[in-house]
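Student: Could you walk me through this model, one feature at a time? I would like to practise reading strands, helices and cysteines.

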Amino acid sequence: MAMAATATAAAGAVAAFTSGRRISTSPPSSLSSPFLPRAAGAIVARRRATAPTAAVLVRAQAAGAKKSVLIVNTNSGGHAVIGFYFAKALLAAGHSVTVLTVGEEGSDKMKKPPFSRFSELTSAGASTVWGDPADVGAAVGGASFDVVLDNNGKDLDAVKPVADWAKSAGVGQFLFISSAGIYTLTDQPPHVEGDAVKESAGHVGVEKYIAAEFGSWASFRPQYMIGSGNNKDCEEWFFDRIVRKRPVPIPGSGMQLTNISHARDLGSMLTLAVENPDAAAGKIFNCVSDRAVTLDGLAKMCAAAAGTTAEIVHYDPAAAGVDAKKAFPFRNMHFYAEPRAAKEVLGWTSSTNLPEDLKERFAEYASSGRGEKAMTFDLDDKILSAVGAAPVSVAA
Amino acid sequence: MAAAMASLKSSLLLPSPLSDFSGAAVSISTQPRRKSWQPRGARMQVSAAADAKNILVMGGTRFIGLFLSRQLIKEGHQVTLFTRGKAPITQQLPGESDAEYAEFSSKVLHLKGDRQDFDFVKTSLSAKGFDVVYDINGREATQVSPILDALPNLEQFIYCSSAGVYLKSDLLPHFETDAVDPKSRHKGKLETESLLETSGVNWTSIRPVYIYGPLNYNPVEEWFFHRLKAGRPIPIPGAGNQITQLGHVKDLAEAFTRVLGNPKASKQVYNISGAKYVTFDGLAKACAKAGGFPEPEIVHYNPKDFDFGKKKAFPFRDQHFFASVEKASKDLGITPEFDLVDGLTDSYNLDFGRGTFRKEADFTTDDMILGKKLVTV
């Protein structure tokens, strides 16, 4: 099927579709800067009007060439695993990878996954270094890269030095791991690319900055992830209760939708952006799988993966006197984004299959011995006794 | 071409001396985000328009068919409506100019009959011969067999199925490849789809979710509008965060038109509905916006606390229910024009807001929920 005029018009139509509103498609802006290469046969990308202020030499890359990619990776938290899967996907595709983990190689944080498994990256040819994102140049020993992914900063204070260094070093493509948490609440899910975001959010400041600094930039907004090597608990919270035959307390109706993606989906999306920089340029991507799951559904799937059923108990956090953020690992509301831009612009497809993926997750959980460890469930107990005492509430 | 490909979209807020159903080229929207004057097809792969076809529409006088038949005639096809004749074969639609209505009603043909009379269906269709059949009101496979028997050289059978066939799931949205529920109350639609598949005919099946728009006979938006107009609270079961999805009837008619003669649509199923989903609470608020009402008071309740008997206390199934429409967008370039508030405004301006509706207001279940009876003035 012939693309409508140019990819820009298509991208405009895509953006219009994804936001559910018509926005006018602007005509493709001509690629006037001599400093920005146009890959042979590549489609014209939408560009912001800002012209580069300094003469920078950008490495001309023909489409399909292998890239050298620097991943600046956080040393903890839910996003740490993204760099791990991205690195693996890049290496499998023949690109060269350097992972700069924030902090020191010898720190205690490095004893946890995915850092504890970096040998899987180095044996596949990646370089792993440690350092301060405020001085990337020193950390990478003056090496140069085609692509940089900042998977560390949550605000401009943290990302600006990385972005500035990348620009001065002639990095062609700057990618950023943002967050789907920046979308403003909506009655009309899902969150799609182009929807309003909380202007005060740190990630928003970063997106604006890199959009102004780079012709070829993209921002990826993830939600929750599962996958071996995860630094932060996700499904484990359910398994901990299920294997101990404890009820699973879920706030509200349990109907809240969220997105749990396998980290390999994020790796594949990021890799497609690296391999299709013109298509990805200037774009926001919801970095999530293409299915949402209810909180109740997630509990049931975890139980099924463990070969049993879940006893779900709903509760009103206020009535139970608990802070839902502490009592439950997911947002107590619909938190639901769809990866429409990635599918339409990058031709990306999701491979997350929660029922199947959770089986693999449970197998790892079971073999880890975590299910036999002594654990206390103080907040659960508080909730359960509150619910036992009060009638079931239907409040969200 | 723009005139021939006239959109049926209305100018929403500006009273226009021209018909609200007039061509896109003359309709002006004050809503900057929806350029209704852009001719249809501007964004899409514009293939050569299908040659004029001799089309049979089963039904066509109630809701979807009203818009679909007009669009097909505007595109130059011959359209015959198969109905019992109980409802008028043609009716002037709200906002439709006399000239447009005259044009339509002079061209549309009628084949009077009862589709439950399978012998009549077979003989009458076979005698007339048609190139394409749109089955808008079929519920059972037995209704479709005589049509297929009568028309062995049928070029395409386009079926209005339903997203209600999907098996309820905790993983959403529904994609066309998802499991279907052979026990659902829409199983007749499923059986029809199976029949089409096994028959060898070139078929296309469209699965809408909840359809809305002017002249809706299913009290979807009307249910909210009655309460908003009466200044009543809106009783919504459960937490009100159940997510559903509405698709405008004009977008649906457009989708039906676009699959005609499209080889990509051969033997394919498509979900057709709005680009975004909506919570029950959100829908109440959107209806209020559409009708210019103040933000509604929403009252949540546990349906299990009540016995409503045969009455329906709320017009939607009490669960998440929504489907991805990306297949139609990706494969056929079909995307909905109306966003929810725009679409509800269109419905309000052309129907309820003019004082017309299908079902009288019935607040019996509301009063049970609210625990009191309001005295109506």
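**Reading the model together**

Tutor: Happy to, and let's begin where the two chains meet: A:Val293 stands opposite B:Leu171 in β6(B). Keep in mind throughout that this is a predicted model.

Student: Which strands pair there, and in what sense?

Tutor: The general idea comes first: strands of a sheet pair through backbone hydrogen bonds, either parallel or antiparallel. Here β12(A), residues 292-294, and β6(B) are joined by two bridges in the antiparallel sense. They belong to an open sheet of three strands, ordered β9(A)-β12(A)-β6(B). Its edge strands are β9(A), residues 257-258, and β6(B), residues 171-172, each of which pairs on one side only.

Student: How many helices and strands does each chain have?

Tutor: Chain A has 15 helices and 13 strands, while chain B has eleven helices and 14 strands. As for burial, 52% of the 396 residues of chain A count as buried, and in chain B the share is 59% of 377 residues.

Student: And what do the contacts and the surface look like in each chain?

Tutor: Take contacts between residues at least 6 apart in sequence. In chain B, 78% of them join residues at least 24 apart; in chain A, residues 24 or more positions apart account for 80%. The accessible surface of chain A is about 16,000 Å², with 55% supplied by carbon and sulfur atoms. For chain B the figures are about 15,600 Å² and 52%.

Student: Let's turn to a strand inside chain B. Is β5(B) mostly covered or mostly exposed?

Tutor: Mostly covered: five of the five residues of β5(B), residues 156-160, are buried. With a strand, look at each face in turn. On one side of β5(B) sit B:Gln156, B:Ile158 and B:Cys160, on the other B:Phe157 and B:Tyr159, and all are buried.

Student: Which strands pair with β5(B)?

Tutor: One partner is β4(B), residues 132-135, which pairs with β5(B) in the parallel sense over four bridges. Within that pairing, B:Tyr134 stands opposite B:Ile158. To get from β4(B) to β5(B), the chain passes through helix α4(B), residues 141-150, and this β-α-β crossover is right-handed. Another partner is β7(B), residues 203-208, which runs parallel to β5(B) and is joined to it by four bridges. B:Ile158 has a bridge partner there too, namely B:Thr204.

Student: Now a helix. Which residues of α2(B) are buried?

Tutor: In α2(B), residues 98-107, the buried residues are B:Glu100, B:Tyr101 and B:Phe104. They lie on the same side of α2(B), because the arc they cover around the axis is only 95°. The face turned away from that buried side carries the exposed residues B:Asp98, B:Ala99 and B:Ser106.

Student: What do the buried residues of α2(B) pack against?

Tutor: They pack against α1(B), residues 64-74. That helix gives you another pattern to read: ten of the eleven residues of α1(B) are buried. Among them are B:Ile64, B:Leu66, B:Phe67, B:Arg70 and B:Ile73. After α1(B) comes B:Gly76, which has a positive phi, near 95°.

Student: What about the loop leading into α2(B)? Is B:Leu93 buried or exposed?

Tutor: B:Leu93 lies in the loop between β2(B), residues 78-83, and α2(B). Its relative accessibility is 2%, and the cut-off for buried is under 20%, so B:Leu93 counts as buried. Sequence and space also tell separate stories here: B:Leu93 and B:Pro214 are 121 residues apart in sequence, with a C-alpha to C-alpha distance of 9.0 Å.

Student: My last topic is cysteines. How many disulfides are there?

Tutor: As a general point, a disulfide is a covalent bond between the sulfur atoms of two cysteines. In this structure, a search over all chains finds zero disulfides. A:Cys287 illustrates the result, with its nearest cysteine sulfur, that of A:Cys234, 15 Å away.

Student: Is A:Cys287 buried or exposed?

Tutor: A:Cys287 counts as buried because its relative accessibility is 1%. B:Cys160, which we met in β5(B), is also buried, with a relative accessible area of 4%.

Technical notes
Residues are numbered from 1 along each chain as its sequence is written. Chains are lettered from A and ligands numbered from 1 in the order in which they are written. This is a predicted model: local features need pLDDT of at least 70, side-chain atom pairs count only at pLDDT 80 or more; totals for chains, interfaces and linings use all residues. Side-chain values use heavy atoms; hydrogens and water are left out. Buried means under 20% relative accessible area, exposed over 50%, partly exposed in between (1.4 Å probe, protein chains only). Contact means heavy atoms within 4.5 Å. Accessible areas come from the Shrake-Rupley method with a 1.4 Å probe; for residues, only the protein chains shown count as cover. Two strands pair if DSSP finds at least two bridges between them. A crossover is right-handed if, with the strands pointing away from the viewer, the path from the first strand over the helix to the second runs clockwise. The arc is that of the directions from the helix axis to the C-beta atoms. A disulfide is a pair of cysteine sulfur atoms within 2.5 Å.
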